[in-house]
Amino acid sequence: MIDLSITVRISMARLSREESRIAGEWAASVVESTRRRLFYLLIERCQIMKVGVIRCMQTEDMCPGTTDFKVIKAKKGAFEGVEGEIEIIGFNSCGGCPGKKAVTRAAEMVSRGADTIALASCITRGNPIGFACPHAREMKAAIAKRIGEDVTILDYTH
C-alpha cells in the first residue's frame, strides 16, 4: 500500500515555491468543497438549516442586511444547494473592530440552535463599501475555536 502523504510530500518537494503555494491552495479548496458537500448532505437529511449571521458593524448604517435575507430565502450565494428549509436563528454585528464580540455572539446563536454561522459578505468581501474586514481571518479562526467543528462556518452570504 502506498502512503499518499509521503507521495504528496515528495511531489510537492519537486515544485517551486509558487507552484507549492498554488498546489496547497488547490488542495485546501478541494477539502473545503468536500466538507461543504458533506455538510449540505447532512442538512438535507435534517431538512432544516439553522443559521446565525454575523455582519460588519461598520456597514450597519448603509446596509440593513436585505441582500443577506434575500439570498437566504432564495437559497443563492453561500446557501445554493441547500435542499431543506433555512431558519435564521440570529442576525448580529461583529461588535466593531477587531471583531472580538463576534465570537461570543456566534456562540450565543449556537446555544440558541444555530448549526451554521455565516460571516456576511460585508466582512469577507467588503460589500457594500468595497473594503473587506482586515480581521476576518482571525475572527473566523476564533469563532471556529470557540464553537467547535460541529458547527459550519460559511465565509460569505452573497
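**Sheet.** I looked up the strand order first and found an open sheet of four strands, running β2-β1-β3-β4 with parallel pairing. The model is a predicted one. I noted β2 (85–93) and β4 (152–154) as the edge strands, each pairing on one side only. From one strand to the next, the twist averages 25°.

**β1 and β2.** I then checked how β1, residues 48–55, meets β2: the two pair in the parallel sense over eight bridges. Within this pairing I find Ile54 opposite Asn92 of β2.

**Helices on the sheet.** I looked for helices that pack on the sheet. Helix α3 (residues 66–74) packs there and touches β1 and β2. I read about 165° between the direction of α3 and that of β2. Helix α6 (residues 136–147) also packs on the sheet, touching β3 (116–119) and β4. Its direction makes about 165° with that of β4.

**Aromatic rings.** I searched the whole structure for aromatic pairs and got one. The pair is Phe69 with Phe91, 4.8 Å centre to centre, with 35° between the planes. I logged the pair as tilted because 35° between the planes is neither under 30 degrees, which would count as stacked, nor over 60, which would count as edge-to-face. Phe69 sits in helix α3 and Phe91 in strand β2, so I note a link between distant parts of the chain, 22 residues apart. Are these rings buried or exposed? I have Phe69 as partly exposed, at 35% relative accessible area, and Phe91 as partly exposed too, at 25%.

**Charge over a ring.** Last, I looked at Tyr156 and found Arg125 over the face of its ring, at 3.9 Å from the ring centre.

Methods:
Residues numbered from 1 in each chain as written. Predicted model: local features only at pLDDT ≥ 70, side-chain atom pairs only at ≥ 80, totals over all residues. Heavy atoms only, no water. Pairing = 2+ DSSP bridges. Axes fitted to C-alpha atoms, helices over the stretch in contact; angles between N-to-C directions. Contact = heavy atoms within 4.5 Å. Phe/Tyr/Trp six-rings, centres within 6.5 Å; stacked < 30°, edge-to-face > 60°. Buried < 20%, exposed > 50% of the residue type's maximum accessible area, 1.4 Å probe, protein only. Lys NZ or Arg CZ within 6 Å of the ring centre and 35° of its normal.
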